[in-house]
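Q: I am a first-year student, and I would like to look carefully at one part of this chain and then follow the answer outwards to other parts. Please take it step by step.

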Amino acid sequence: MALNAASHNVTGEKTGPVTAPPPSLGADSKKALLENAEAEATGQSAPGQDGGDKDAPKKAKTEKELEKERKKAEKDAKFKAKKAAQAGASGAGAKEVKEKKPKAEKEVLPEYNEETPKGDKKILKSLDDPFNKAYIPKVVESAWYDWWEKEGFFKPELQDGKVKEAGHFVIPIPPPNVTGKLHCGHALATALQDVMIRWHRMKGFTTLYLPGCDHAGISTQSVVEKMLWRRKKQTRYDLGRPKFLETTMAWKDEYHSSITKVLKRMGGSYDWTREAFTMDKNLSAAVTETFVRMHEEGFIYRSNRLVNWCTKLNTALSNLEVENKELSGRTLLDVPGYERKVEFGVITHFKYPIEGSEEFIEVATTRPETMLGDTAIAVHPNDERYKHLLGKNAKHPFVDRLMPIVADDYVDPEFGTGAVKITPAHDPNDFALGQRHKLEFVNILNDDGTMNHNTGKFAGQKRFDVRYSVTEELTQLGLFVKKADNPMKVPLCEKSKDVIEPLMKPQWWMKMKDLAEPAIKAVENGDIKIIPETQEKTYFHWMRNINDWCLSRQLWWGHQIPAYFVKIEGESSDQSDNGLWVTGRTEEEAHSKAETKFPGKKFTLERDEDVLDTWFSSGLWPFSTLGWPNDTADMRNLFPTSVLETGWDILFFWVARMIMFSLHLTGKVPFKEVYCHSLIRDSEGRKMSKSLGNVVDPIDIMEGISLQALKDKLRVGNLDPKELKTAEKYQNTAFPQGIPECGADALRMALVGYTTGGGDISFDVSVIHGYRRFCNKIYQATKYVLGRLGDFTPRSKIIKSGKESLPERWILHKLSASSKLINDRLEKREFSLATQVAYRYFYEFLCDTYIENSKAIFDEGSAEEKESAKQTLYTAIEGGLLLIHPFMPFLTEELWQRLPRREGDKTRSITVATYPQYVQEWDDEAADAEYELLVGCSKGLRSLAAEYAIKDSATTFIQPLDGSTHTTLSTPTSLPSIRSLAGKSVTNVTILSPSDPAPTGCAVYTVGAVATVFLDVKGRIDIDKEITKAKDKLQKTTEIVEKQKKIMDGEWEAKVSEAVKETEREKLKAAEVEGRNWEASIEQFQRMKIE
């Protein structure tokens, strides 16, 4: 099964919309699957078979069923009589009128109501029940989760208080923000994490999937403040801090339930008894302990430094909460609080007069308003143009300030005029230069973005109004030079879209260099593995260039900083002075520290009103959720955790901090592996955004939604009319019929199938619906198996009897080989390839091949052959459900519970059943080769019949090309197998010998290098038309071969994994074989013309 090459981009690059569809199938298989999914209502099972109690008496037909049969017989009799009458009329010369058959109406079912009491084991209805005839996701997926949870299947299983012999496997959920609904990125993470958890649980590990939520300080406070204003025209100050926190907690509880609902609906096997919240009592105690301990150790300190300031939200922000908008030149942007758009993307040149002379020095800036905070001008020490000005002062035109001209290597003499205005209090680069030269730091802004008293006549004006007024004043004074387009990045607040201002603020900071070193070594030494490996380089680069971390946030919602300012009676005090602060786990402890620090002095303590950056508490997540700083059983048994699965975009902001905190506070790594999943984009490759209308709610995919309902959801939001129009346009294109009900299992399988370890995911709902059809295939196949098994008890042990037929030996070999391969793929985190193994086993090997072949045995075999076939069929279907369970938990539980249990098997749920493993005794390369030959021949027969639209009475020939192949094809069981697999259109199959002349007048299909299949098409095709068509297809196939060879160059060989190489080579081989088939067919057709 070839993979789409677009699936293997480096992380961060766009993946095309064709990423990770279900593995490619032949046209006949595809057709069968679609017809089965869309048309078949009852499936293939025998009436009355539901996989229930094997000892139950045969089900007697009800009066209703007997009446139904009677009416059907009457209808059939009338139909036959009508046909006979029509035939008679036709014979008498009457004109036959063909009546159009009315289209069969699809049965409309009422709303489904689950009858199982919450928490009880699901009541399984008969597979003939209207809701169970066909696969309906909401029916199949109902009731199971509550039972799983109640039975405690998701709790870590300990033996004598210790983990099981296999070890422990723990994943702490990356806690979603408690600010609203989950999106498809959360669904992707849940699917991947739960696959790993369920797989390890079935392999005998003590597993824990730990759920929880993050308080999301700035996001939550912003949402609640907007809600307060919208509903009551109140601010947080109207409520006061205690009441505001109470209101926010109530809001959090409301939204928390919707998050929990989605995670459960997705089938995440979380241990909800251990659910955590970053503001829980124990997690808050962990935060306090960390801050106080690290302040005592000197890692945390107080300093007046530049921060990212949002004037709209009135708080400092982390770099993660800042979006940099790229501009190519002059651009007008909307800024909160301004009626007119503000100009960005231009550079303004102006002059400063030199004190005591007629000279001027020209500088340039993208932020003219900041010139009010300029305190120096810097030039390069070797710039001859300005050497004579060093040591002199420039005069500020608007405020009474002289600005020294200083020399610094930081200045690029080739850029602009070579002279740089220095605003130390409002620019990160200028801040460092200001410190080096001991310049004056002048803050020109109030917290709300207006100019302060340091700006003279501009005081009180809004910053971007001053951008224009300063330029006008400079022009009047003859100091303005010019404006020009300038590519630039504008930093925006992620939440408010306000333009961020670098602002001097006394804040709490953490020294990071010494913490980063052990975290770097942990990855270098292999104690922590980062997947994909490309992210390791990014991690090292960031860690080796790490800056101190600003911890303070000017919010109320969050962990209030446990630091106290010591206000000494009779002395002046500066809150930026680190020496006047103490920390404490309690106020009593802080008071004691202050008494020790300032003996004999009278003082009062004032607690810092700020809260800590949300990432501070999130950084403690892997161990605070297990009970740290207390010595708990969970910390002893389940820490370090196993895997941290997350998006690569927060590798630095969260993952790196967890590693640093854990190594410092616990002496251990927090997890042994970091798996960075791709980012989800829409089907057009764009970032998910409400304004684009491409944010899809996982619930809508699982349960289905109409296009109108999708649009109604958009209108509930706060989109402006222009954005609403764009969003609706995308919805019309992407979801013209709305989103069909796909279910959790199909969504999970699709998302895991998308995960190649490559670039971003281009998300397409139609791919998920394809997996819903796969669910239907599994459902119908299991129904068929249950019908065939009848009153049956499977052997207690999964062993061979030694009397298995060739098809049986083949399917057991495939089950063992698939088990080995899927375990290997999951171990290597090759998730997409793992889904393809499961898909191929169930669809191609089991359904399309073995089950089809078994029909002949059940219809014509001896009692012994039938019993053997039943045992193998049971093992094959049981193994298939177990293989797929981590990907599709609901469907597999529903069907597994219907299967009869092996003797002595007391396993209560598939969630705790044993995962299939490689069985050496089932290795059977000979059976594989022999049966693959039969499968290949039957595939050739089907393909030729489909290609030339021959639906019945197909005459075919198979010519082996060597003696051993001839021997295999000549065995008594081969021809029945080929016939059962080839389909109803093939009625005549002749096995030729290698020495026989090749048949003429045939279309040709090559089966590898061992056999050729022929379909007699004489008199059944338009030869010229078929020659033209074959030549076209040969050309296309040749192009595919050339393209594939071009992709598979030396660079490709070095870059991709062995698994990818294998699939791409298969793709090339298939194209080459197809090309040879068309060449052979063209040769035959041309010979037919001559004859």
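Here is the part I would like to begin with: between which two strands is the loop that holds the place of Asp160?

A: Before starting, please keep in mind that this is a predicted model. Asp160 has its place in the loop between strand S1, residues 158-159, and strand S2, residues 162-163. Its backbone deserves attention, for the phi angle of Asp160 is near 55 degrees, which is a positive value in a residue other than glycine. The relative accessible area of Asp160 is 82%, and because a value over 50% counts as exposed, Asp160 is exposed.

A second loop residue makes a useful companion to this one. Arg829 is also a residue other than glycine with a positive phi, here near 60 degrees, and its place is in the loop between helix H24, residues 806-827, and helix H25, residues 831-860. Whereas Asp160 is exposed, Arg829 has a relative accessible area of 7% and is therefore buried, as values under 20% are.

Two other loops hold a peptide bond that is cis. The bond from Ile531 to Pro532 is cis, with omega near 0 degrees, and Pro532 lies in the loop that runs between strand S21 (529-531) and helix H13 (534-544). The bond from Trp628 to Pro629 is cis as well, with omega near 15 degrees, and Pro629 sits in the loop between helix H16 (621-624) and helix H17 (633-638).

It helps to set these loops against the whole chain, which has 33 helices and 35 strands. Of its 1091 residues, 53% are buried. If you take the contacts between residues at least 6 apart in sequence, 77% of them join residues at least 24 apart.

Ala316, in strand S8 (residues 315-317), gives an example of places distant in sequence. Its relative accessible area is 0%, so Ala316 is buried. Ala316 and Leu503 are 187 residues apart in sequence, yet their C-alpha atoms are 8.8 Å apart in space. Leaving aside neighbours within four places in sequence, the contacts of Ala316 include Val307, Asn308 and Trp309, and also Gln507, Ser552, Arg553 and Gln554.

From single residues we can turn to pairs of helices. The axes of helix H6 (residues 217-232) and helix H8 (residues 241-265) come within 10 Å and cross at roughly 100 degrees, and an angle from 65 to 115 degrees is called roughly perpendicular, which is therefore the description of H6 and H8. On the H8 side the contact is made by Phe244, Thr248 and Trp251, while among the residues of H6 that take part are Val223, Val224, Met227 and Leu228. Sorted by class, this contact of H6 with H8 has six nonpolar, three polar and one charged residues.

A second pair has another arrangement: helix H26 (residues 863-884) and helix H27 (residues 889-896) have axes that come within 9 Å and cross at roughly 155 degrees. Because angles over 145 degrees count as roughly antiparallel, H26 and H27 are roughly antiparallel to each other, and the crossing is left-handed. Here Leu881, Leu882 and Ile884 of H26 meet Thr892, Leu895 and Trp896 of H27, and the contact of H26 with H27 has five nonpolar, one polar and no charged residues.

A third pair is made of helix H28 (residues 925-947) and helix H30 (residues 974-982), which pack at an angle of about 40 degrees with their axes 8 Å apart. H28 and H30 are therefore oblique to each other, and their crossing is right-handed. Among the residues that meet are Tyr931, Leu934 and Leu941 in H28, and Ile978 and Leu981 in H30. The contact of H28 with H30 has eight nonpolar, three polar and one charged residues by class.

Finally, consider helix H29 (residues 963-970), in which Thr965, Thr968 and Leu969 are buried. These buried residues cover an arc of only 95 degrees around the axis, so they are on the same side of H29. Ser964 and Thr967, on the other side of H29, are exposed. What covers the buried residues of H29 includes the two helices of the third pair, H28 and H30, along with strands S32 (954-960), S33 (986-991) and S35 (1011-1016).

Key
Residues numbered from 1 in each chain as written. Predicted model: local features only at pLDDT ≥ 70, side-chain atom pairs only at ≥ 80, totals over all residues. Heavy atoms only, no water. Axes fitted to C-alpha atoms, helices over the stretch in contact; angles between N-to-C directions. Helix = DSSP H or I, 4+ residues; strand = E, 2+ residues; numbered from the N terminus. Parallel < 35°, antiparallel > 145°, perpendicular 65-115°, else oblique. Left-handed = near helix turned anticlockwise from the far one by under 90°. Contact = heavy atoms within 4.5 Å. Nonpolar A, V, L, I, M, F, W, Y, C, P; charged D, E, K, R; others polar. Buried < 20%, exposed > 50% of the residue type's maximum accessible area, 1.4 Å probe, protein only. Arc of directions from axis to C-beta.
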